[in-house]
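Trainee: I would like to learn how the words used for a structure are justified. Could we go through one together?
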Amino acid sequence: MKTSTWGKGLYFLAALFLWGGFVPVRPAVAAQSVADFYKGKTLTWICPFSPGGGYDVWARVLAPAVQKLTGATVVVKNMPGGSGLVGSNFMYTKAKPDGLTIAITQSFTMVIDSLFDNPAVKYDFKKFTWLGRLSTDDYVFSVGKNSRYKTMKEIKAAPRFKIALDSRTAVNGAGVTSFALAANLENASVVAGYAGSSEVKLAVLTGEVDGTSTSIGSQWQMLKSGQLIAVAVVGKERAVSLPDIPTIYELNPNMPAGTKKWIDQLTTLQDTGRAVYAPPGVPRDKADYLRGVIQKAVKDPAVTSRLEKQQFYVVYLSAAEYQKQLESLGLTPQDKAELQHLLLKKY
Amino acid sequence: MYTDILNGILSIFDPMVLLLMFGGMVVGLVLGILPGLSGLTGLAILIPLVFGMEKTQAFALLMGMYAASSQGGSVTAILLNIPGTGPNAATLLDGFPMTQQGHAGRALGISLAASAFGGLFGGVVLALSMPLLRPIVMAFGSPESFIIVLLGLAYIGVLATASPLKGLISGGFGVALSFIGYQEVSGHMRFTADSIYLFDGIRLVPMTLGLFGIPAAIDLIMSGSSISQAKIVHATASDMLEGFKDLFRHWRTFLLCSSIGTVIGIIPGVGGDVAAWVAYGSAKQASKHPEKFGTGCPEGVLAPESSTNAKEGGAMIPTLAFGIPGSAGMAVLLGAFLIVGLTPGPLLLRDHVDFVFSLVAILILGNVLGSVILALAATQLVKVVNVPGTIMGPIILILVAMGAYSTAGNILDVLSAFLIGVLGYAMRRAHFSSPALFLGYILGAMAESYFYLSLEAYGWMFLMRPIVLTLIVIGFFSLNYKWLGKLFKKTGRAA
């Protein structure tokens, strides 16, 4: 039977493909460096919170620096929901460990949700490929300019000291609990349910509540204009921007060991701050490359100047150190129950 | 100081500023017209561009976009029964029936006029209240917000034309739906069945698209006829001018609703969605022929549209005075302030009076110009109402799916929208009021939180606060004036 010209052509093409498949012809790819891998690719940066918020700002300010350093196009993608849970779950279960997806996170939320056995948690935070910590967040406890109770003496003597919170989560409660615990305030009473940090601040200003604890950055404008008065910094050390304000440790130099244990635990958790990570299982060379990129990006003056305009300061910690910190976080069942009580029910 | 104010206003007439405002408006109009997308999406997209821009230019871009987006949303509400943004849901109550009767042009005219003049009203109030900004904002706390939201809920009964009982049932169900999700006060999850998706409750965009858009699409497909059921569609420039004149015919309604919008805008947190509905309910109560509301009555379009646009002027007040956003849009705009190196608050008003007034001017001009541009485009846009239902229906369904997906890239949003759509269609067949359900959904959880906060912070004495008392009295009379009026007439006659 004569084969048609078409048939011959197809036969030829098929032979070419089959033959080509068996010939090892890619020595150049094997020797491609990690840096070359990123050039021209798209790096997706997941932000598990809504656009416009603090975490979104950090990602968007750092993105151009990362883009310049890697040659990849960096796209920030918002994935809000469940206070960060949606993003964290996605990074653990769905994101590919090919080094092209990274995420920013509020580690405190991630860790607490996991430690408190939130049934919706699908990740093990210790298994993520951590790329570095961007900042800790200094929290400051403040009262309003027109508040009835402005000094610690007045606060302690108040019949009822109302503290505002937006939603009654463990993370939001931490700053408040640390302050109230350290100052030994039996009269503290949390008023939770405000729609957001703006509403919380307004409630303090109008006198609806007596005080609140939020990040220094979010209170900065009001602190500077005197509408809010800082009482104590919630953290292990004094804040750079508020050098005259004592820490909660200084409020109570003779803190009993039992109380100090909890305050230490809470401030350590708070210090986990903002971090960048990748899905578990990213190859070592790509992970190290990204770690180097992040380390350089946070030093970029364009980045730091933009961040500082909004009172965000870089407090970098290397991935190796950070991983060690995270490994040490764990709670015995008894501790867990008591911490939950302290954060969510005591006040 | 007056030279500063004048300089501020005149500074917006710079070619670059105007160009950026125009560009922003085009983006805003497109975003507003596409269901599911809104000014908030636009702000998120545009904010990174603002890094390094001069401040007047930056805000011309952002606010031009934001002002225009709500007008774009009105267009889809009127022409397609799909609210472009949350507050537009009230517009479709009378806007869509007007389109069905062939008066799309007039409805659009009203909407555009209300946008222009409502925005002007809000802007003027903002400018005039500059010296009083802080005392005004300080007077409003959780109790005041609670009463406003409660008033909004009370108006649910007013909205339902067919049967007040069915309206209340729908509203009640909407309130129940609003409770799904994480409860902020107690920290508990309610009705979430351990699903992360429901952690934040039923999302607004799938709810609006599903509740209003899908039943409309199904009706179109099943009937086969086009949106406009009239033989002739009146959509020429003169029809829009007719709508324009409607604003002046019903100037009392306009002033009432713009005031409501401005006041509600001043209160941080209560949200623009409330303003449109409270305005609609108030206008219906105050009208000489309330039974016409919901059937395609011009006042029914004028009311929500003027309040929604006046609201933004009001929302700027706490934003500028304290750096506390008066609306979701202002919350994102606050970020823009910080990016250009400004700090909202008393210092801003003292040191940058000129810039503050240029903001006011941008707000007003953005609304007015947005209306003009949309008016020019409207004659073309209106043609969709003549497309046969068998084509338009599926197109709307696709727009709904895209709109739902575009919020967060989550396919579950699309599923929600369609499930809610089934509910919405069933309600429509059984003559239960969808707007009542929607209002309950928006306000239910809010009322709960504000009530709790008021009690916790003030105890039951919160009801004795002056503004709260005033609002209770106004609300009581406004809702009951019909039979109260009869009562007084009777006693009058007896005496």
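Mentor: Let us begin with a term we shall need: two strands are said to pair if DSSP finds at least two bridges between them. Please keep in mind that this is a predicted model.

Trainee: What makes β5(A) and β8(A) a pair of strands?

Mentor: Strand β5 (residues 139-144) of chain A and strand β8 (residues 211-215) of chain A are joined by five bridges in the antiparallel sense, and since at least two are needed, they count as paired. At one of these positions, Y139(A) stands opposite S215(A) in β8(A).

Trainee: How do you know that β5(A) also pairs with β9(A)?

Mentor: The reasoning is alike: six bridges join β5(A) to strand β9 (residues 228-234) of chain A, and the two run antiparallel, so the requirement of at least two bridges is met. Here G144(A) has L228(A) in β9(A) as its bridge partner.

Trainee: Why is β5(A) called mostly covered?

Mentor: Six of its six residues are buried, which means that each has 20 or more other C-beta atoms within 10 Å of its own. Y139(A), F141(A) and V143(A) point one way from the strand, while V140(A), S142(A) and G144(A) point the other way, and all are buried. In a regular strand the side chains alternate between the two faces of the sheet.

Trainee: Why is E291(B), by contrast, called exposed?

Mentor: E291(B) has 10 other C-beta atoms within 10 Å, and because the limit for an exposed residue is 12 or fewer, the word applies. E291(B) lies in the loop between α13 (272-286) and α14 (298-322) of chain B. As for its place relative to V340(B), the two are 49 residues apart in sequence and 50 Å apart in space, C-alpha to C-alpha.

Trainee: What makes β2 and β4 of chain A edge strands?

Mentor: They belong to an open sheet of five strands with the order β2-β1-β3-β10-β4 (chain A) and mixed pairing. Both β2 (73-78) and β4 (129-135) pair on one side only, and that is what marks an edge strand here. Neighbouring strands of this sheet are turned by 25° against each other on average, direction ignored.

Trainee: How do you know that β1(A) and β2(A) pair, and in which sense?

Mentor: Strand β1 (residues 42-47) of chain A shares six bridges with β2(A), in the parallel sense, so the minimum of two is satisfied. One such bridge links I46(A) to K77(A) in β2(A). Helix α4 (residues 54-70) of chain A lies across β1, β2, β3 (101-106), β4 and β10 (274-278) of chain A, running at about 165° to β2(A). Helix α6 (residues 107-115) of chain A also packs on the sheet, where it touches β3 and β10 of chain A, and its direction makes about 80° with that of β3(A).

Trainee: How do you know that chain A differs from a compact globule?

Mentor: A compact globule of 347 residues would have a radius of gyration near 20 Å, but chain A has 25 Å. Its C-alpha atoms fill a box of roughly 105 × 45 × 35 Å along the principal axes. Of its residues, 47% count as buried.

Trainee: What makes up the side of chain A that touches chain B?

Mentor: The contact takes 38 residues from chain A and 36 residues from chain B. On the side of chain A, α9(A) gives the most, with seven residues, and the residues of that side divide into 17 nonpolar, 12 polar and nine charged.

How values were computed
Residues numbered from 1 in each chain as written. Chains lettered and ligands numbered in written order. Predicted model: local features only at pLDDT ≥ 70, side-chain atom pairs only at ≥ 80, totals over all residues. Helix = DSSP H or I, 4+ residues; strand = E, 2+ residues; numbered from the N terminus. Axes fitted to C-alpha atoms, helices over the stretch in contact; angles between N-to-C directions. Contact = placed C-beta atoms within 7 Å. Rg over C-alpha atoms; globule rule 2.2 N^0.38 Å. Nonpolar A, V, L, I, M, F, W, Y, C, P; charged D, E, K, R; others polar.
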